[in-house]
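Please open the model in your viewer and keep the selection panel at hand. The stops below are meant to be taken in order.

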Amino acid sequence: MEIQRPRGTRDFLFNEMKERKHVENTLRKIFEIYGYNEIKTPIFEELSLFTTKSGEGIKEQIYHFQDKGGRDLALRPELTAPVARLYIKELQKNPKPIKMYYFGSCFRYERPQAGRFRQFWQMGCELIGGKSPGSEAEIIAMAAHCLEELGLEDYEIHIGNLGILRGILNTEGIVGDEQDQVMGLIDKRDVEGLKDLLEKLQIGQKPTEILLKLIDMVGHRDILKDVEEIIKCNENAFNSLKELESLLESLEAFDFSDYIVNLGIARGLDYYSGTVFEIYVHGLGAQKQISGGGTYNLIEIFGGEEVESTGFAFGFDRVMDALRKQDTKIPIAGTVDVFVAPIKEDMKLKAFEIAQKLRKTGVSTDVDLTGRKLKKILSHADHIGTKYVLLVGARDLEEGKITVRNMKSGEQELIDLDNIAPHLKKILNSSDHNSNGSYSPEDGSNE
Ligand code: HAM
C-alpha cells in the first residue's frame, strides 16, 4: 500500500530547504532591523477565533474539527486573529507601539493549484498601537525593503483605502454581511456578480456607477484628483481619500515612491478598515499576490480596548516561486565544511575523536560512518560539497600532524593536530570561502 501525501501539501528536500532557510533568514533580518520581535502562536486555535468576525461561512474554507474533549478547534488559516488574541491576553498593558513578527504554516481548505496550497507558510508582522499614516507607511516601506534585499525585481506594490468603498456603501445603507458580500465580489474581480448584487440590494444607478468606476481606478498618484471629483459629495469616502494622500506623503519620507494606487483592492479577509495593500508578481499567473495587508479592526471585536493596528504577511511559498521564476541566485551552501576521513579502518576511532573536537569548537564537520575505502569517502565528501577533507593516517599522527586536503584545488598540507581547529577556522573565514553549515544563532527555525 502506497501512502500518499495529503492533497495540497508538499515535502521539501535538502536544496529547497536550504533556499527557503536563506530567504527566511533574510526576511527575519529585515523585520528585526525595523524593530520587530518574533512571536509564535499555536497551529490550532478555538474555531470561534476565526468565525467571530468572518461568520460561519468561513468554515467552508478552513480545517476544523472537534477534539476528544468535544472542543471546536481549527487549524489556523492566517495569523492576524491569533496575534490579536495573544495581544489582548498578554500585551494590552505594554508600552506602544508593539511590533511583532511571525513565521509559520497556515492551512486553508482551497482547491490546490500552482501557488495555492492547503498548507502554506506566512512570514508576516503586526504593528499595534502606532498611528496612521506613519505606521502604515513604515510597514509598506519595510515590505519593499524585504523584496529589495532578496533581489526580487518584477513586483508591484498596490495601495488603496477601503474606507473609500465602504464610505459609499455605508451611505447607501449597505452594511454588515451585505457589505462583506460586496467586498468579496470586488476582491474576486467578479464585476458581473457585483452588478447583480448591487441591483439586488437596490442601490441606485449613480452610486453603482461610482462604485464600478472606483474599482477600476488603478495607476499613478495623479488619479487621486479624478477620484476626488467622483466622491467629493461623500464625506466618509472623502476623508479616507485624504488619509490615502497623507499615507503616500509619509511613504516618500520612508524613501519609497514606486507604488501603484489601486482603489479596487478589497482584500479577501473582512477585518480591514482603512489602508490596504497587495504585492503582485505578474509572472506567477493567477496566484500573483505574494503579500497582502493593511489596517484592521479586530482587537475591539475580540473585546480588547480600541487600538490602531496594521500589518501584512508574505505568502512565503509565493515569494519562493517568484524568486525562482526570476532566476534569482539563492546561495546554497553544502552541509558541512570539513569531512574527517580515516585512511584505514584502524583509524576510525581517531577520526571520530577529531571530528567531535572540531564540532565542539563550532566547525561544521562530518565523519565517515560507513567504513568505506578512502576513494569512496573522498567522492562522497565531494558530492555533499565539503570544502576540506582531513586525512587521518597513522604515520602523520605519530608526528602529531594531520593532512588537510582542499577539495577544490586538490592541494594538501600537513598541519599540527593541536592547531587544526584554529587553522580550519582561519582558512574557512578567508575571503574566498563562505562557511557552509556552522551554526549561527540567528538562523531561523522551520515549523
Ligand atoms: P492573505 O492575503 O489572506 O492575508 O494572505 C497573505 C498571503 O498569503 C497572500 O498574499 C498569499 O501570498 C499567501 N497565501 C494565501 N493563501 C494561500 C494559499 N492557499 N497558498 C499559498 N499562499 C497563500 C492574511 O492572511 C492577513 N492575515 C495578512 C495580514 C497581516 N493583514 C494584516 N496583518
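Helices (H or I, at least four residues) and strands (E, at least two) are DSSP runs numbered from the N terminus, and contact means heavy atoms within 4.5 Å. This is a predicted model, in which local features need pLDDT of at least 70, side-chain atom pairs count only at pLDDT 80 or more, and totals for chains, interfaces and linings use all residues. Residues are numbered from 1 along each chain as its sequence is written, and side-chain values use heavy atoms, with hydrogens and water left out.

Select helix 12 (residues 348-360), which lies across strand 13 (338-342), strand 14, strand 15 and strand 16 and runs at about 165 degrees to strand 14; axes are lines fitted to C-alpha atoms, for helices over the stretch in contact, and angles run from 0 to 180 degrees between N-to-C directions.

Next, show the open sheet of five strands, ordered 14-13-15-16-17 with mixed pairing, where two strands pair if DSSP finds at least two bridges between them. Its edges are strand 14 (365-367) and strand 17 (412-416), each paired on one side only. Within the sheet, strand 15 (residues 388-392) and strand 16 (residues 401-406) run antiparallel and are joined by four bridges, and L391 stands opposite T403 in strand 16.

Now select I231, which, leaving aside neighbours within four places in sequence, is in contact with I164, I168, I210, L214, A237, F238 and L241.
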